[in-house]
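Me: Could you take me on a close look at the metal and ligand site, and then follow the chain outwards to a few other parts? I'd like the atoms and distances spelled out, in one connected answer.

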Amino acid sequence: MAKPAVLTHPESLKKPAGPSEFAKHPANTALSKAEKVALYTKMARIRHFEQRCIRTYQQGKIGGFLHLYVGQEAVVAGTVSLLGKHDHIITGYRDHGHGLMVGMSMNECMAELTGKVTGCSQGKGGSMHYFAPDKNYWGGHGIVGGQVPLGTGLAYAVKYKGLKGCCLAYMGDGAVNQGAVHEAYNLAALWDLPMIFVIENNGYSMGTSQERSTAHPGCLAKRAEGYGMAWDVINGHDVYEVRAKTDAAVKRAHEESKPTVLEIFTYRYFGHSMADPDKTYRDKEEIKGYRENKDPVLLFENELIAEGVLTPATRDAINEAAMAEADVAAVFAEESPDPTVADITKHIYWEEDNRGPNSTSRGTIIFE
Amino acid sequence: MAVITYREALRAAMREELQRDENVVVMGEEVAQFNGAYKVTEGLLKEFGPKRVVDTPISEAGFIGLGIGASMLGIRPVMELMFWSFSYVAFDQIVNNAGNIRYMSGGLINCPIVIRGPGNGGTNVGATHSHTPEAILASHPGIKVVCPATPYDAKGLMKAAIRDNDPVYVMENTILYNDKGEVPEGDYIVPLGVADVKRVGTDLTIVAHGRAVITSLKAAEILEKEHGVSVEVVDLRSIRPLDEETILASVRKTHRALLVEENKPFCGVDAQVAYIIQAKAFDDLDAPIGRVSSIDAPQIYCKRMEDEQLPHAARVVAAALKVLA
Ligand SMILES: Cc1ncc(C[n+]2csc(CCOP(=O)(O)OP(=O)(O)O)c2C)c(N)n1
Ligand SMILES: [Mg+2]
C-alpha cells in the first residue's frame, strides 16, 4: 500500500479542509439522518464533557492526572460507531472519549474524576482507569502500551468462543515503541486474531515529537508489514474517512479473522495532561492551525449542514444540551459521597468479596 | 550551607558527577529537552549537551537494558524512570540482568548503573502509578536500594550511588521534591548503608524510610507535646545495604520499637527490620514491635481515602501509644 506519509503537513493547516471525500462511501451512506445527528451529538458531548472537566480541575475538585481528548473526537467516534455486539475496545489513559462513546454516562465519568463512590470505578480508578465491561469497554490503562496485549487477548477470546467480533486496541504514537506492543502484533498476526490496532497519532508523546521518538517516523502503521499484517493510514479529522477505512478493518477481522494496524492522524489541543504547561515543545501557530482548519467536530458539523442533515438551530440545541448535561454531571460529582475507609479493602479479590462454604481460598489474605 | 529543595539537591548531585566523570550519562524519558517530567534534570542538557543528557522513547525495557549493557563496558548511566511504577515494564532487565550479571560471571562483570525516579503514592493517580518497589527490589541479592527523605541525603546518596560499582536504585518521592533543607555546596557523599538518627529520644524508637520519616517526625512532635513521650526517629536512608547497628543501638536504648513505612505490609521492608530486632535485641524489648504500613490494598484513587490508606501522623501516634501502653 502506498500512503501519504504525513497528513499533518504545516501547509495543510493554513486553509480549512474541504468536504469529505468519504461521504459517499457505503459505510457512510448506510447512515440514516438520525444516525448522523446521533454521531455528531456524541462528538459534541465528548467535547463539552472534557471542557467541563477543565473547570472542575481548575476548581481543585479533580486531582492527579487529567488527560484530555479534545481535538481527537473523530477517532473514537468514527471507529466505535461501527461496532456491534461482539466487538470490544480497550485504550490507554486518554480514555474519557472512549467511555462516553460506548455509552457511559457523564455522571459516572465525572464522579470518577472527583473520586466519588458513584463513579464508574467507585472512585478507585480515576481519570486513567475508566471501565465499562457491560459496554465492551475494558479500560482505561495507565501504563503506556500495557493495554495492547490485553486487547489481543480479548480478540483471542472472541475467536475462541466462535463469535463474529473483534477488538480495537487504541494506543498513542509514543506507545508504539513499547516492546509489549510488538509482541502483541506478532501474536495477532501469528494466530490470525480478529484484532485492530489503532494508533492515535497526535504527533507528540508528552513533550517529544514523533520524529524524536521513533525510527522511520514517516509512517508508524507500516511496521505492520514486518508482521505480514494489513495496515492503513487515516485522516483523523474527518469522521467519515475514519468510518470508511475502519470499516474495511472490521470486515477483515469479522470475515477473515485477520488483524490490521490503523494509524489515525489527529491532534490534541491541550497539554499532555493538565500538569503540562505546553509552552516548550510546539508552537501556538500549530495549535491554532489545527483548531481553525482541522477541527473534527466543526468539520463534521459543516458536512452535515451542507447535507441538510443539521441546521444551525439543531446544532445549537445539541451543543447547549451537551453543556447542560456536563454541568449536571459536575453537580452530581460534587454532591456524591466519597468511598469509605472500609471500601479501601473491597474489590481486591473475588474470593474475598464472595466467601462462602464452597470458596477455594482459606487463610489471611488482607494483612495489617 | 545553602538551603535548597530536594529536587535541586538531586540535580546538584547529577551535575557534579557529570562534571567529575566523563563516563556519567543521564538518560530517560523527557529528561533532556523537556527538562524532566518533574524538572529534576532541568538545565542539564543545556550545560552538558545531548551526548551526556539523552532523551529516550517510551521503551523502558529497551533503554534500561541498554543502560545496563553500557555500564558493563564502563559507562556510568544514571537512568530516570518517570515513575518507579514503570520499572515493572523493565523488570527482567532490572532484576535478572542488572542483579545477576556479576554473580553469574563469577565476578568478571560489574554493573555500575543508577536507576532513579519517584517511587511513592499520595499523588492521587491511582494504583498503576503509585508503587513503592523498594522491598521487592531489595529482596534480590545483587541489587542496592536507597530512599532519601531529605535534601541533604538526596544529594549525598545520589553521589554515592553514581560512584558505587554495583546497581543502585534510588527511590525518590514527588511529594518531597519541593521540601527544603540545608545542603553543602561542595562535594560530599552519604555512604550507602548508614542510617541516620533524625531525632533523638529515650522512650520509643521509630524506624522509617522515605517520606514515612517526615510523617514519623511529625508524629514524634505530637507525642512529645500531647503525651510527654520522647521519641527517637531512625531514618534508614538505605534499604540494602541496611544499617543494623544503628537500629539495634536505638532499640537497646529505648526498649520499644515502632516501624513505619509506606509499603503495603506483606513482606515490606519492616518485615525484615522486625526480624532483625527480635533476633538480635529480643531481651531489650519491653513490648511487642509495632508497625504502621499502608492499608493493604492496591492504591485507591480517591484522594481523601488515599490519604487514609497511607501512614499519616494520627495513625503513627495511635500505634506508638499502643507500643508504649
Ligand atoms: C510504561 C510507561 N512509561 C511512561 C509513562 C508516562 N507517560 C504517560 S503518557 C506518556 C506519553 C505517551 O504518548 P502517546 O503514546 O503518544 O499518547 P498520547 O499521550 O499522545 O495520547 C508517557 C511518557 C507511562 N504511563 N507508562
Ligand atoms: Mg501522542
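**A close look at the site**

Reply: Let's start with A:Tyr204, which counts as buried because its relative accessible area is 10%. Please keep in mind that everything here comes from a predicted model.

A:Tyr204 belongs to the metal site: the magnesium ion (ligand 2) is coordinated by the backbone O of A:Tyr204, the OD of A:Asp173 and the OD1 of A:Asn202, at 2.1 Å. Along the chain, these donors follow the spacing D-x28-N-x1-Y. A:Asp173 sits in the loop between strand S2 (167-172) and helix H7 (179-190) of chain A, while A:Tyr204 is in strand S4 (residues 204-205) of chain A, so the pair ties together parts that are 31 residues apart in sequence. A:Asp173 is buried too, since its relative accessibility is 1%.

The backbone of A:Tyr204 also leads us to the other ligand, because one of its polar atoms lies 2.9 Å from an oxygen atom of ligand 1. Two side chains of chain A offer polar atoms to oxygen atoms of ligand 1 as well: A:Tyr93 at 2.7 Å and A:His272 at 3.4 Å. The protein covers 96% of the 590 Å² of accessible area that ligand 1 has on its own. Around ligand 1 there are 22 residues, and the closest are A:Tyr93, A:Arg94, A:Gly174, A:Asn202 and B:Glu60. A:Asn202 thus appears both in this list and among the donors of the magnesium ion. The residues around ligand 1 come from chains A and B, so the site is shared between chains.

Since chain B takes part, let's move on to that chain. Helix H4 of chain B covers residues 91-104; at 1.5 Å a residue, its 14 residues should span 20 Å, and the end C-alpha atoms are 18 Å apart, which agrees. Which residues of H4(B) are buried? They are B:Gln93, B:Ile94, B:Val95, B:Ala98 and B:Gly99. An α-helix has 3.6 residues a turn, so residues three or four places apart point the same way. The buried residues of H4(B) pack against helix H3 (60-72), strand S5 (114-118), helix H5 (134-138) and strand S7 (168-172) of chain B. After H4(B) comes B:Gly106, which has a positive phi, near 60°.

Strand S7 takes us onward to B:Asn173, found in the loop between S7 and strand S8 (180-183) of chain B. With a relative accessible area of 3%, B:Asn173 is buried. Leaving out residues up to four places away in sequence, B:Asn173 touches B:Tyr6, B:Pro118, B:Asn120, B:Arg211 and B:Glu262. With B:Asn120 there is a polar contact between the side chains, at 3.3 Å.

Our last stop is B:Arg291, in strand S14 (residues 290-292) of chain B. Is B:Arg291 buried or exposed? B:Arg291 counts as partly exposed because its relative accessible area is 33%, which lies between the 20% limit for buried and the 50% limit for exposed. Neighbours within four places in sequence aside, B:Arg291 is in contact with B:Leu258, B:Leu259, B:Glu261, B:Pro265, B:Gly268, B:Asp270 and B:Ala271. For two of these residues there is a distance to go with the contact: the side chain of B:Arg291 reaches the backbone oxygen of B:Pro265 at 2.6 Å, and makes a polar contact with the side chain of B:Glu261 at 3.4 Å. B:Arg291 and B:Ile206 are 85 residues apart in sequence, with their C-alpha atoms 9.3 Å apart in space.

Notes. Residues are numbered from 1 along each chain as its sequence is written. Chains are lettered from A and ligands numbered from 1 in the order in which they are written. This is a predicted model: local features need pLDDT of at least 70, side-chain atom pairs count only at pLDDT 80 or more; totals for chains, interfaces and linings use all residues. Side-chain values use heavy atoms; hydrogens and water are left out. Helices (H or I, at least four residues) and strands (E, at least two) are DSSP runs, numbered from the N terminus. The expected span of a helix is 1.5 Å times one less than its number of residues. Buried means under 20% relative accessible area, exposed over 50%, partly exposed in between (1.4 Å probe, protein chains only). Contact means heavy atoms within 4.5 Å. Donors are N, O and S atoms within 2.8 Å of the metal (3.2 Å for Na, K and Ca); water is not among the atoms, so sites may look incomplete. A residue is near a molecule or strand if one of its heavy atoms lies within 4 Å of it. A polar contact is a pair of N or O atoms within 3.5 Å; within protein, one must be able to donate a hydrogen and the other to accept it, and residues adjacent in sequence count only if both atoms are side-chain atoms. Accessible areas come from the Shrake-Rupley method with a 1.4 Å probe; for residues, only the protein chains shown count as cover.
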